[in-house]
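Biologist: I am new to this structure and would like a close look at a single part of it. Please take me through its surroundings with care.

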Amino acid sequence: RMYYLNQRRDNRNGLSAIGMATSTDRISWTKYNDPTTEQEFTESDFVKTLGEGTVGFQEIQAFDLWQDDTGYGMLFFYGGRSTNTMSYANSSDGIVWTDSENNPLLTADNISFLGVLSAPRMIYLDNKYHFYFYGSADQNRPSGEIYMVVEE
(Lines give C-alpha, C1' and ligand atoms only; values in the text may rest on other atoms or scores of the structure.)
Protein backbone atom coordinates (compact mmCIF):
# COMPACT_ATOMS: atom_id res chain seq x y z
CA ARG A 1 0.00 0.00 0.00
CA MET A 2 0.98 3.56 -0.65
CA TYR A 3 -0.89 6.54 0.79
CA TYR A 4 -0.59 9.93 -0.88
CA LEU A 5 -1.75 13.50 -0.32
CA ASN A 6 -4.08 15.20 -2.79
CA GLN A 7 -5.24 18.84 -2.82
CA ARG A 8 -7.88 20.54 -4.94
CA ARG A 9 -8.51 24.24 -4.44
CA ASP A 10 -10.87 26.84 -5.75
CA ASN A 11 -9.87 30.09 -4.07
CA ARG A 12 -10.78 29.53 -0.42
CA ASN A 13 -12.83 26.37 -0.95
CA GLY A 14 -11.37 22.98 -1.62
CA LEU A 15 -10.88 19.35 -0.85
CA SER A 16 -7.88 18.04 1.01
CA ALA A 17 -7.62 14.28 0.94
CA ILE A 18 -5.44 11.20 1.33
CA GLY A 19 -5.63 8.54 -1.34
CA MET A 20 -4.40 4.95 -1.39
CA ALA A 21 -2.90 2.78 -4.11
CA THR A 22 -1.78 -0.84 -4.08
CA SER A 23 0.91 -2.71 -5.99
CA THR A 24 2.22 -6.25 -6.19
CA ASP A 25 5.57 -5.25 -7.73
CA ARG A 26 6.03 -1.68 -6.36
CA ILE A 27 6.27 -0.40 -9.95
CA SER A 28 2.68 -0.50 -11.25
CA TRP A 29 0.10 1.01 -8.89
CA THR A 30 -3.69 0.81 -8.80
CA LYS A 31 -5.59 3.59 -7.02
CA TYR A 32 -8.29 2.57 -4.55
CA ASN A 33 -11.70 2.82 -6.20
CA ASP A 34 -15.15 2.32 -4.68
CA PRO A 35 -17.46 1.60 -7.66
CA THR A 36 -20.53 2.85 -5.76
CA THR A 37 -19.37 6.47 -5.57
CA GLU A 38 -20.55 9.34 -7.75
CA GLN A 39 -19.20 10.16 -11.22
CA GLU A 40 -16.73 12.75 -9.92
CA PHE A 41 -14.67 9.92 -8.44
CA THR A 42 -15.16 7.18 -11.04
CA GLU A 43 -11.47 6.31 -11.35
CA SER A 44 -10.36 6.54 -7.73
CA ASP A 45 -11.64 7.46 -4.29
CA PHE A 46 -10.02 9.02 -1.27
CA VAL A 47 -9.73 7.16 2.01
CA LYS A 48 -9.57 10.31 4.19
CA THR A 49 -10.92 13.79 3.40
CA LEU A 50 -10.93 17.15 5.13
CA GLY A 51 -12.54 20.45 4.26
CA GLU A 52 -14.79 19.54 1.36
CA GLY A 53 -16.80 22.60 0.38
CA THR A 54 -15.92 24.63 3.47
CA VAL A 55 -15.06 28.31 3.45
CA GLY A 56 -11.72 29.10 5.07
CA PHE A 57 -10.15 26.01 3.54
CA GLN A 58 -8.36 23.75 6.00
CA GLU A 59 -5.94 21.32 4.37
CA ILE A 60 -4.09 18.21 5.46
CA GLN A 61 -0.49 19.30 5.10
CA ALA A 62 1.44 16.36 6.56
CA PHE A 63 0.61 12.88 7.84
CA ASP A 64 2.14 9.69 9.17
CA LEU A 65 0.42 6.33 8.93
CA TRP A 66 1.25 2.99 10.55
CA GLN A 67 -0.14 -0.49 11.06
CA ASP A 68 -0.03 -2.34 14.37
CA ASP A 69 -1.89 -5.23 16.03
CA THR A 70 -5.03 -3.07 16.48
CA GLY A 71 -5.26 -2.00 12.83
CA TYR A 72 -4.08 1.26 11.24
CA GLY A 73 -3.37 4.62 12.83
CA MET A 74 -2.94 8.03 11.22
CA LEU A 75 -1.53 11.19 12.74
CA PHE A 76 -2.12 14.26 10.59
CA PHE A 77 -1.53 17.99 10.75
CA TYR A 78 -3.88 20.45 9.13
CA GLY A 79 -4.44 24.15 8.97
CA GLY A 80 -5.07 27.06 6.66
CA ARG A 81 -1.96 28.97 5.64
CA SER A 82 0.17 27.02 8.13
CA THR A 83 -0.15 23.69 9.93
CA ASN A 84 -1.31 24.29 13.45
CA THR A 85 -3.52 21.37 14.44
CA MET A 86 -2.63 17.69 15.05
CA SER A 87 -5.37 15.05 14.88
CA TYR A 88 -5.58 11.25 14.98
CA ALA A 89 -7.73 8.71 13.13
CA ASN A 90 -7.83 4.91 13.20
CA SER A 91 -9.01 2.20 10.83
CA SER A 92 -9.43 -1.56 10.90
CA ASP A 93 -8.79 -1.94 7.15
CA GLY A 94 -6.78 1.17 6.13
CA ILE A 95 -9.68 2.39 3.98
CA VAL A 96 -12.50 3.54 6.30
CA TRP A 97 -11.15 5.97 8.92
CA THR A 98 -12.69 7.18 12.18
CA ASP A 99 -11.44 10.38 13.78
CA SER A 100 -10.57 10.21 17.46
CA GLU A 101 -13.13 11.59 19.91
CA ASN A 102 -10.29 13.66 21.37
CA ASN A 103 -9.55 15.60 18.17
CA PRO A 104 -7.74 17.79 17.84
CA LEU A 105 -5.01 16.19 19.92
CA LEU A 106 -2.77 19.22 19.88
CA THR A 107 -2.90 22.74 18.45
CA ALA A 108 -0.39 25.54 18.20
CA ASP A 109 -2.62 27.36 20.71
CA ASN A 110 -1.71 24.69 23.30
CA ILE A 111 1.97 25.58 22.99
CA SER A 112 2.38 29.31 23.45
CA PHE A 113 5.83 29.51 21.84
CA LEU A 114 4.91 27.62 18.63
CA GLY A 115 2.97 28.91 15.65
CA VAL A 116 3.53 26.08 13.15
CA LEU A 117 3.37 22.30 13.69
CA SER A 118 4.42 19.84 11.00
CA ALA A 119 6.17 16.59 10.00
CA PRO A 120 4.42 14.08 12.29
CA ARG A 121 6.10 10.74 13.00
CA MET A 122 5.02 7.95 15.32
CA ILE A 123 7.32 5.41 16.95
CA TYR A 124 6.10 2.60 19.22
CA LEU A 125 8.76 2.01 21.87
CA ASP A 126 8.64 0.42 25.34
CA ASN A 127 4.88 -0.19 25.03
CA LYS A 128 4.18 3.52 24.47
CA TYR A 129 3.43 5.62 21.41
CA HIS A 130 5.95 8.43 20.89
CA PHE A 131 4.68 11.18 18.57
CA TYR A 132 7.41 13.41 17.15
CA PHE A 133 6.76 16.64 15.28
CA TYR A 134 8.51 19.76 14.05
CA GLY A 135 7.58 23.10 15.58
CA SER A 136 8.49 26.66 14.62
CA ALA A 137 7.61 30.00 16.18
CA ASP A 138 5.91 31.17 12.97
CA GLN A 139 5.60 30.27 9.30
CA ASN A 140 8.07 32.96 8.23
CA ARG A 141 10.82 31.55 10.41
CA PRO A 142 12.62 28.59 8.83
CA SER A 143 14.29 27.39 12.02
CA GLY A 144 12.49 25.28 14.60
CA GLU A 145 12.87 22.28 16.87
CA ILE A 146 11.70 18.67 17.03
CA TYR A 147 9.29 17.90 19.88
CA MET A 148 7.92 14.66 21.31
CA VAL A 149 4.64 13.75 23.01
CA VAL A 150 4.35 10.36 24.75
CA GLU A 151 1.04 8.58 25.20
CA GLU A 152 0.73 7.54 28.84
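Which residues does F133 touch, not counting residues up to four places away in sequence?

Modeller: This is a predicted model, in which local features need pLDDT of at least 70 and side-chain atom pairs count only at pLDDT 80 or more, while totals for chains, interfaces and linings use all residues. Residues are numbered from 1 along each chain as its sequence is written, and side-chain values use heavy atoms, with hydrogens and water left out.

With contact taken as heavy atoms within 4.5 Å, and leaving aside residues up to four places away in sequence, F133 touches F77, L106, I111, L114, L117, S118, A119, E145, I146, Y147 and V149. F133 also belongs to the largest nonpolar core, which has 13 residues and in which W66, L106, L117, F131 and F133 have the most contacts; such a core is a set of buried (under 20% relative accessible area, 1.4 Å probe, protein chains only) Ala, Val, Leu, Ile, Met, Phe, Trp, Tyr and Cys residues joined through side-chain atoms within 4.5 Å. At least two residues of this core come from each of the strands (DSSP E runs of at least two residues) β6, β10 (116–125) and β11 (128–136), and β11 gives the most, with three residues. Apart from this core lies another, of 12 residues, among them Y3, M20, F63 and Y72.

Two of the residues named with F133, W66 and F131, are also linked with Y88, Y124 and Y129 into a cluster of ring pairs, where rings of Phe, Tyr and Trp (its six-membered ring) pair if their centres lie within 6.5 Å.

Technical notes:
Rings of Phe, Tyr and Trp (its six-membered ring) pair if their centres lie within 6.5 Å; planes under 30 degrees apart count as stacked, over 60 as edge-to-face and the rest as tilted. Buried means under 20% relative accessible area, exposed over 50%, partly exposed in between (1.4 Å probe, protein chains only). Helices (H or I, at least four residues) and strands (E, at least two) are DSSP runs, numbered from the N terminus.
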